[in-house]
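This report describes the pockets, the cavity and one sheet of a single structure. Please read it alongside the sequence and the model.

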Amino acid sequence: LAAIALAVFSLTAQAQSWPQRPVKFILSLGPGSGADITGRMLAERLSKQWGQPVVVENRPGADAVLAINAVIAAKDDHTLLYGPSGSFVGHPYTLDKVPYDRNELVPVARVSNTVVVLAAPATLKAQTLKEVMQMVRAEPGKLNYASVTQVYDIMMAAYLKSAGLDMTRVTYKDAVSAQNDLVEGRIQLYSAAYAIVRGHAQGGRIRLLAVQNRTRAPGVELPTVAEAGFPELQLDGLVGLIAARSSGLGDAARERIAADVTTQLSDPALAERMTATGQIVNPGLPAEFAAAIEEQSRSLAAWSKAIGGKLK
């Protein structure tokens with residue numbers, strides 16, 4: 001009993017003593033993205049709560065590989081990855097060789113779900129997602145699609161194959177080029193973060209068809225893909241904090257970080273500001289975040305199997 005009590009005391013002390021110095025959030029996305037804006041808002045609040053600076057560093061590029069490797073290489077329990085889990089969950093199915101040890105990534109706290117929408121050019125005759133798919137069936141191989149990440153590409157490819165539809169995938173290095181081609185009608189269906197395409201939608205240059213999240217997004221008057229009749233195109237974009245296993249961040253500290261994040265996200269003022277950036281507030285403890293990531297992994301494995309392996 002004494003040994004158990006000592007262990008509990010030690011874990012509690014570890015959680016209470018963290019952080020002991022400045023904390024760094026390494027973001028896998030660039031400045032101005034929804035995750036970047038919310039990450040900075042959260043960092044500002046946590047720095048006040050923790051009594052230590054929380055520094056945000058953007059490391060975009062290589063589909064989050066740069067940011068992931070930076071966190072692992074730091075070997076520091078005060079350096080955390082902040083961004084969408086879809087990037088590293090998708091790497092086994094998009095990269096010929098994953099350049100890091102997946103077991104190094106340990107979920108700490110779920111923060112939000114990115115609102116992801118399916119959009120079409122305003123000039124396209126189709127008014128709904130169902131009508132777009134009817135056009136695809138009527139004109140096999142003539143319509144194009146693109147996605148915000150390759151995870152959504154894999155999901156779309158799996159759906160098209162299961163439905164017997166032929167649509168051409170177009171890849172882009174940046175969201176600006178994809179948006180321009182969508183507006184010009186060179187691609188007919190684009191899966192993108194709502195925050196990225198909202199301006200074009202409000203300007204009447206593109207038409208939003210549905211959200212790909214499980215639930216409707218606050219402030220976005222759109223049905224879910226499931227409500228539109230396409231549950232196969234449903235995927236929640238998870239955003240949260242991840243630690244490197246080799247950093248030595250203990251379970252008690254992870255629980256404490258997640259609890260503090262949840263406390264901050266319970267403030268309606270912060271939730272309102274996050275909603276405005278195209279994020280759905282969805283805090284979760286380490287076990288909840290890990291379970292959600294595992295569910296994503298299972299879905300991706302099934303989609304990849306359906307298309308016969310990696311995307312061509």
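The sections below take the open spaces, then the sheet, then one residue of a pocket lining.

**Pockets and cavity**

The model is predicted. The table lists the three spaces with their volumes and the classes of their lining residues.

| Space | Volume | Nonpolar lining | Polar lining | Charged lining |
|---|---|---|---|---|
| Largest pocket | about 1200 Å³ | 19 residues | 18 residues | 6 residues |
| Second largest pocket | about 270 Å³ | 5 residues | 7 residues | 4 residues |
| Largest cavity | about 30 Å³ | 6 residues | 3 residues | no residues |

The largest pocket has a volume of about 1200 Å³. It is lined by 43 residues, and those closest to its centre are Leu 29, Asp 63, Ser 147, Val 148 and Thr 149. Two or more lining residues come from each of helix H2 (34–50), helix H4 (86–94), helix H6 (150–163), helix H7 (175–184), strand S8 (189–193), helix H8 (194–202) and strand S10 (237–244). Of these elements, H6 gives the most to the lining, with 3 residues.

The second largest pocket holds about 270 Å³ of space. Its lining is made up of 16 residues, with Arg 214, Leu 235, Asp 236, Leu 238 and Glu 295 closest to the centre. At least two lining residues are supplied by each of strand S4 (105–114), strand S11 (279–284) and helix H11 (286–306). The largest share, 5 residues, belongs to H11.

How many cavities of 30 Å³ or more does a search of the whole structure find? The search finds 1. The residues that line the largest cavity are Val 115, Tyr 194, Ala 217, Pro 218, Val 220, Thr 275, Gly 278, Gln 279 and Ile 280. No charged residue is part of this lining.

**The sheet and its helices**

An open sheet with mixed pairing is formed by 5 strands, in the order S7-S6-S8-S5-S9. Strand S7 (168–169) and strand S9 (206–211) are the edge strands; each has a single partner strand, so one side of each lacks a neighbour in the sheet.

Strand S6 (residues 144–147) runs parallel to S8, and 3 bridges join the two. Ala 146 stands opposite Tyr 190 of S8. Helix H6 packs on the sheet, where it touches S5, S6, S7 and S8, and its direction makes about 140° with that of S6. Helix H5 (residues 129–138) lies across strand S5 (116–121), S8 and S9, and runs at about 140° to S8. Helix H6 and strand S8 are also among the elements that give two or more residues to the lining of the largest pocket.

**Asp 63**

Asp 63 is one of the residues closest to the centre of the largest pocket. The residue is found in the loop between strand S2 (54–58) and helix H3 (65–74).

Is Asp 63 buried, partly exposed or exposed? Its relative accessible area is 32%, and buried means under 20% while exposed means over 50%, so Asp 63 is partly exposed.

Neighbours within four places in sequence left aside, Asp 63 is in contact with Ser 87, His 91, Thr 94 and Gln 150. From Asp 63 to Leu 81 the separation is 18 residues in sequence and 14 Å in space, C-alpha to C-alpha.

Methods. Residues numbered from 1 in each chain as written. Predicted model: local features only at pLDDT ≥ 70, side-chain atom pairs only at ≥ 80, totals over all residues. Heavy atoms only, no water. 1 Å grid on protein atoms, 1.4 Å probe; cavity = no way out; pocket = protein on both sides within 12 Å on 5 of 7 lines; lining within 4 Å. Points joined across faces, edges and corners; volume = space filled by probe spheres on them. Helix = DSSP H or I, 4+ residues; strand = E, 2+ residues; numbered from the N terminus. Nonpolar A, V, L, I, M, F, W, Y, C, P; charged D, E, K, R; others polar. Pairing = 2+ DSSP bridges. Contact = heavy atoms within 4.5 Å. Axes fitted to C-alpha atoms, helices over the stretch in contact; angles between N-to-C directions. Buried < 20%, exposed > 50% of the residue type's maximum accessible area, 1.4 Å probe, protein only.
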